[in-house]
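Trainee: Could we walk through this model together, one question at a time?
Mentor: Happily; let's put it on the screen.

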Amino acid sequence: MSSSGWNTLESDAGVFTELVESLGVKSVELHELLSLDADQLRAVAPLYGVIFLFKYTHSALAPTTPGVPQDGSYDPDAEHAIFFAHQKIQNACATQAILSIVLNRAEIHLGSALTEFKTFVEGFDSELRGETLSNSELIRLTHNSFSRPTPFVDETQPQRQAGDDDDLYHFIAYVPINDTLYELDGLQPYPISHGDCTDERFAEKIVEVLYRRIGRYPEDEVRFNLLAVCHDRRELLAAVGDTEGLLREEEKRAEWRRENILRRENFVGLIYEVLKDVLGDTIENKGGIEAFEEMISDAKAKTQKRLEDAQRRRMQGNSS
């Protein structure tokens with residue numbers, strides 16, 4: 001991607017945890033949930049909110065009645081009472097979802113950079129907040145530092161809207177604020193209220209809301225992901241003296257750091273150089289890059305012949 005763009009992020013607890021820490025947020029981590037279950041959510045309390053990843057389709061997002069969301073109700077008054085920003089950049093939804101939670105929970109220590117950002121946009125409407133977020137150099141560079149390099153993306157092609165057959169995905173946030181459960185989706189005109197919800201009832205309430213949302217998809221659609229935004233488990237375990245649990249958490253963090261380092265690496269150049277070293281004499285002696293392409297073609301032809309021979313043998317065996 002170009003230096004002015006926003007790269008795609010994976011839905012990964014380690015990515016999001018280190019991302020918010022890089023922005024200055026303290027004592028927060030993300031936890032991937034393997035099933036939509038209230039007990040699993042309660043197990044990672046204190047819980048600040050959840051991030052839901054789903055396949056982006058117009059049929060899944062478009063209201064069936066104009067001006068009315070498919071579930072819940074628009075709350076225009078909340079647009080200024082809470083942090084809500086319209087999404088202006090296609091690939092920014094992952095970071096926007098996590099910011100929609102941490103910037104709306106007063107108990108979270110944001111650090112100086114995000115505190116200044118939140119104060120700066122406090123009086124803005126959702127349109128201007130979205131523009132300000134998408135133009136934040138700090139947030140964009142931090143976001144991009146956790147994306148995998150994509151050396152073969154053609155940036156000259158214009159972006160287009162997603163169709164129902166496209167494998168494009170979208171992140172949104174659900175967070176209890178002032179005893180109300182809000183769905184914060186930058187592609188919607190306003191925050192969506194799902195009714196009364198205390199922190200204590202959040203686990204049960206969000207399961208009900210997400211089951212209704214998932215029910216709007218075909219039965220064979222299983223590509224969903226749920227990340228809980230919660231307090232740093234290491235601090236909780238240290239407070240109760242659970243040394244074994246703390247050791248497991250530190251090992252998990254170390255693995256996250258290793259994975260994030262690998263995400264930042266682009267191994268295409270390395271692979272190319274290794275191939276040149278391995279095949280250097282062959283390429284030089286047989287005509288340069290044309291020889292390399294010929295070797296690839298020969299390998300493909302041999303593979304196809306082996307597949308055809310195996311199919312022929314299976315057919316002969318079935319006929320005997």
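What follows is a short conversation about the overall fold, one helix, one residue and one cavity.

Mentor: Before we start, this is a predicted model, in which local features need pLDDT of at least 70 and side-chain atom pairs count only at pLDDT 80 or more, while totals for chains, interfaces and linings use all residues. Residues are numbered from 1 along each chain as its sequence is written, and side-chain values use heavy atoms, with hydrogens and water left out.

Trainee: What percentage of the residues in the protein is buried?
Mentor: The protein has 13 helices and 7 strands, taken as DSSP runs numbered from the N terminus (H or I, at least four residues, for helices; E, at least two, for strands). Buried means under 20% relative accessible area with a 1.4 Å probe, protein chains only. Of the 320 residues, the buried share is 44%.

Trainee: Which elements do the buried residues of H11 pack against?
Mentor: Helix H11 covers residues 243-264 and reaches 32 Å from its first C-alpha to its last. Its buried residues are Gly-245, Glu-249, Arg-253, Ala-254, Trp-256, Asn-260 and Arg-263. Counting contacts as heavy atoms within 4.5 Å, these residues pack against helix H1 (13-22), strand E1 (28-33) and helix H10 (233-239).

Trainee: Glu-18 is found in helix H1. Which residue's side chain does a polar contact of 2.6 Å join to that of Glu-18?
Mentor: Leaving aside residues up to four places away in sequence, Glu-18 touches Phe-146, Trp-256, Arg-257, Asn-260 and Arg-264. A polar contact is a pair of N or O atoms within 3.5 Å, where one must be able to donate a hydrogen and the other to accept it, and residues adjacent in sequence count only if both atoms are side-chain atoms. The partner in the 2.6 Å contact is Asn-260.

Trainee: Which element gives the largest share of the lining of the second largest cavity?
Mentor: A cavity is a set of points on a 1 Å grid over the protein atoms alone where a 1.4 Å probe fits but cannot get out, and lining residues have an atom within 4 Å of a point. The second largest one has a volume of about 40 Å³, a volume being the space filled by probe spheres set on the points. Helix H5 (93-102) and strand E4 (169-177) each supply at least two lining residues. The largest share, 4 residues, comes from H5.

Key:
The expected span of a helix is 1.5 Å times one less than its number of residues. Buried means under 20% relative accessible area, exposed over 50%, partly exposed in between (1.4 Å probe, protein chains only). On a 1 Å grid over the protein atoms alone, a cavity is a set of points where a 1.4 Å probe fits but cannot get out, and a pocket is an open set with protein on both sides within 12 Å along at least five of seven lines; lining residues have an atom within 4 Å of a point.
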